[in-house]
Amino acid sequence: MIAVISRKRFRTGWTAFIILFFLLFVILPTVYILSYAVTDWGSIDTYVLNDPEMMEMITNAIIASFEIAGIVTLIDIVVGLPMAWMLVRKDFKGKKFLDTLIDMPLAVPTAALGFSSAIFFAQTDLNVPFALNSITSPLLLIILLHVVFSYPYMVRSLSAILVQIDQTYETAGRTLGASPLAAARTITLPLFRAGLVTGIILCFSRSLSETGGTMIALATMNNVGFATGPTLIGDWKSNLVSNPDLAAPLAFVSILLIILSLILLVVIKLILMKVHLPMGRIWPRPERIFSRGLFPKAKDGLTVFFLVILVLIPSFFIFTYVATATPTSFDWGPFLDSLVYSFLIAGIVTVIDIALGVPMAVYIAKNRTGKISEVLDVLVNVPLIVPTAALGYSLGVFWTGQNLIPTWDVLLIILAHVAFTYPLVVRNVAGAVEEVDPAFEETARTLGAKPIQGFSRVLYPVIKSSILAGAIMAFTRSLGETGATQAVVADAMTAPVYIVTLIRSSDYYVAGLACIVLIIVSYVAMLALRYVTNGRRSN
């Protein structure tokens, strides 16, 4: 009896610690900027609300941000679902290679990704061979750029859930006469609605919060008038020292983005979880036609074509630029130091995310009827939607002003990166746990298994792929982050910040070389991670 009480107390204490960590180290520092509306509303009223020109600029930028995020998310759903289906349900040569390639845009620093995509898509003065060099609309350029780095989030979220769905139901439907398309649409798709919710939240919020890559892409095409909410924050943050009056507009834009994004994402999640999609009606003849012959092959071909032309080539077009540009001298020492520094930070951040994010995800998924779980489920999305520059600024102000921890640069950067990567692990794992039948663990407990045994031997093998997906997202997001790092520690020299410095100084060739090294090292690291995971799975 004493042992049972002790275990219950331990689980209660551990749950309380996880929730306390989440609130104190993730949520509170992230939304600390909201206190500006209470403590200094007079400045907002003076410098924003009573300035029509400023209000028009902010309104246009925020509307553009939400338009871009909505369009990008819709594109990701349409083209991401067929790719996830291919990776999970089909076997073909080069499947593992293709599976790894999908993650590669996540490893490219967003600023470098913005530069690479811009020189491929947009009309620039660089005249790089084989570039499209045709897009003149800043809006279209940013939509394409955001699709490049948000597409892997959708594919990973959908495939992580799809791999857990038992194909027996779909097979049974087909043996009863349903076409492959009808069986997939009416049986399988409704079962991974949680994965769709996760993918939409991740893609929408990732697009909405992007700062560094968007700024670099717009600068590369010499754009002047177009801006999004995050780019306004980035520009004003860099000029804040010379113009302190920008503090009020910066805080106002951040507050609006946080509030509006949270409201919209809650509405999206409620709609997707309540509305039953797709429709149960069957169209036998058309669906049978689209399930056979050239249609499935055309679908798969267009899916791969989209991946190659609109995701992979723009991501790695920097290779073409470096191969054709005039070489310049390069000191490898500073970059290699920044590379080691970046991998150290990303590794520590990923370990923290997994150790504290997986328990949080399990708690949220298994306590859906509890009020605390519902609140935590909503709060997890907050760091995802806050622009990284504003998030870093808020975190820096919070931690340097509270005197709760040592203000070491590396510690501040780790805390900042944990804040926006922690939800990536929680969202992926929570969606996976929701799809697991609780009867499995209940059966294990009736056979005498302890809770930790039930998790390690029953639940963990089922959700392992989602944990891996979350870990890859967290690691690559931390490795490629620019805006939050600079906002927390202005002189931090991680690999992405070092590359941004080179781009801003117009040293494009050296920046391209640094990007290539970072891409190769990241690719090797992800291959090693997959090898270790597959090795453990086989054992």
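Contacts between residues at least 6 apart in sequence are dominated by long separations: in the protein chain of this predicted model, 82% of such contacts join residues at least 24 apart. The secondary structure of the chain consists of 26 helices, with zero strands. Of the 539 residues in the protein chain, 53% are buried. The chain exposes about 23,800 Å², and carbon and sulfur atoms account for 66% of that area.

Two residues, Thr-30 and Leu-384, serve to illustrate the interior of the model. Thr-30 belongs to helix H1, which comprises residues 2–30. Because its relative accessibility is 0%, under the 20% cut-off, Thr-30 counts as buried. A polar atom of the Thr-30 side chain lies 2.4 Å from the backbone oxygen of Val-26. When neighbours within four places in sequence are left aside, the residues in contact with Thr-30 are Val-382, Pro-383, Val-386, Leu-391, Ser-394, Leu-395 and Ala-419.

Leu-384 is found in helix H19, formed by residues 382–385. Two of the residues in contact with Thr-30, Val-382 and Pro-383, fall within the range of this helix. With a relative accessible area of 5%, Leu-384 is likewise under 20% and is therefore buried. Residues up to four places away in sequence not being counted, Leu-384 touches Ile-201, Leu-202, Ser-205, Ser-209, Phe-420, Pro-423, Leu-424 and Arg-427. Leu-384 and Leu-208 are 176 residues apart along the chain, yet a separation of 8.9 Å was computed between their C-alpha atoms.

Empty space within the model was examined next. Rolling a probe the size of a water molecule over the atoms shows where such space is left. The count comes to five cavities of 30 Å³ or more, and the largest cavity holds about 70 Å³ of space. Its lining is made up of Pro-105, Leu-106, Val-108, Thr-110, Phe-149, Tyr-153, Arg-206, Thr-476, Arg-477, Gly-480 and Glu-481. Helix H5 (95–107), helix H7 (138–162) and helix H23 (451–480) are the elements that each give two or more residues to this lining. The largest share, three residues, is supplied by H23. In terms of residue class, the lining of the largest cavity divides into five nonpolar, three polar and three charged residues. Among the nonpolar members are Leu-106 and Phe-149, whereas Arg-206 and Glu-481 are among the charged ones.

Methods
Residues are numbered from 1 along each chain as its sequence is written. This is a predicted model: local features need pLDDT of at least 70, side-chain atom pairs count only at pLDDT 80 or more; totals for chains, interfaces and linings use all residues. Side-chain values use heavy atoms; hydrogens and water are left out. Helices (H or I, at least four residues) and strands (E, at least two) are DSSP runs, numbered from the N terminus. Buried means under 20% relative accessible area, exposed over 50%, partly exposed in between (1.4 Å probe, protein chains only). Contact means heavy atoms within 4.5 Å. Accessible areas come from the Shrake-Rupley method with a 1.4 Å probe; for residues, only the protein chains shown count as cover. A polar contact is a pair of N or O atoms within 3.5 Å; within protein, one must be able to donate a hydrogen and the other to accept it, and residues adjacent in sequence count only if both atoms are side-chain atoms. On a 1 Å grid over the protein atoms alone, a cavity is a set of points where a 1.4 Å probe fits but cannot get out, and a pocket is an open set with protein on both sides within 12 Å along at least five of seven lines; lining residues have an atom within 4 Å of a point. Grid points are joined across faces, edges and corners, and a volume is the space filled by probe spheres set on the points.
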